[in-house]
Amino acid sequence: QQILSLAACIGIKFDIDVLSIICQRPISDLVQSLTIGLESDLIWTTAKTETELRTYRFAHDRVQQAAYSLIPSEHRRMTHLKIGQLLLQNWDSEQNEAQIFEILDHLNLGQELLAEEQSQIQLAELNLKAAQRAKQATAYSAARDYLTTGLACLGTARWQFYGLTLSLHQELAEANYLLGDFEASKALIHTILEHATSPLD
């Protein structure tokens, strides 16, 4: 039940390698434990042999929701934050750059629980990277969400982190423009002009 509740945090589909990181248990242990779920038809896999067991899916979204509900509601944000932190520690950005979205899905849910300033700055930087990647894929709405979260990480004293805050504002102004929200874009540009420290900026 504990394994399935953590798997439910990943989504309706989950990868055994990611689950191993989250549970901090060897893959062989997880494969053995998940056999109960397979036999009970709670989860499925397309694998024909044990060596192929890599990707699983919940039999139904209601099964996933039931597994997720095993985590008390007051602990869910902290659980997502811990999952995000574990995935971040094990992330090879050169090998799997796209995993940044999966990591941020968890970290952003627990953003308000981050107490250290350095952790908030790191999260803002990750949101900026994800937004730039999303924008390249023309996912402008997702980019706007990441940028908004990035700015929220820096709080009201954000302009003391000048370079990062400037980049977040510039990217957010562009994302809003591309989404047709010209008033929001204009407001961000005015904010940049108020805080810019050089003519070029």
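**Cysteines and overall layout**

The sulfur of Cys153 lies 20 Å from the closest cysteine sulfur, which belongs to Cys9, and this is too far for a bond. The model described here is predicted. Cys153 is also buried, with a relative accessibility of 7%.

Cys9 can be taken next. Searching the whole structure gives zero disulfides. Cys9 accordingly takes part in no disulfide, and the nearest cysteine sulfur to it, in Cys23, is 9.7 Å away. A disulfide would need the two sulfur atoms within 2.5 Å. Cys9 has a relative accessible area of 8% and is buried.

From the cysteines the view can widen to the whole protein. Its secondary structure consists of 10 helices and three strands. Along the sequence these elements run in the pattern α-β-α-α-β-β-α-α-α-α-α-α-α. A box of roughly 65 × 35 × 30 Å, taken along the principal axes, is filled by the C-alpha atoms.

How much of the protein is buried? Of its 201 residues, 40% are buried. Among contacts with a separation of 6 or more, 54% are between residues 24 or more positions apart in the sequence.

The surface and the charges remain. The accessible surface amounts to about 11600 Å², and carbon and sulfur atoms account for 49% of this area. The protein carries 15 positive and 25 negative charges, and the mean positions of these two sets are 5 Å apart.

Definitions and conventions
Residues numbered from 1 in each chain as written. Predicted model: local features only at pLDDT ≥ 70, side-chain atom pairs only at ≥ 80, totals over all residues. Heavy atoms only, no water. Helix = DSSP H or I, 4+ residues; strand = E, 2+ residues; numbered from the N terminus. Buried < 20%, exposed > 50% of the residue type's maximum accessible area, 1.4 Å probe, protein only. Contact = heavy atoms within 4.5 Å. Areas by Shrake-Rupley, 256 points an atom, 1.4 Å probe, with all protein chains shown as cover. Lys, Arg positive; Asp, Glu negative; His and termini not counted. Charge placed at Lys NZ, Arg CZ, Asp CG, Glu CD.
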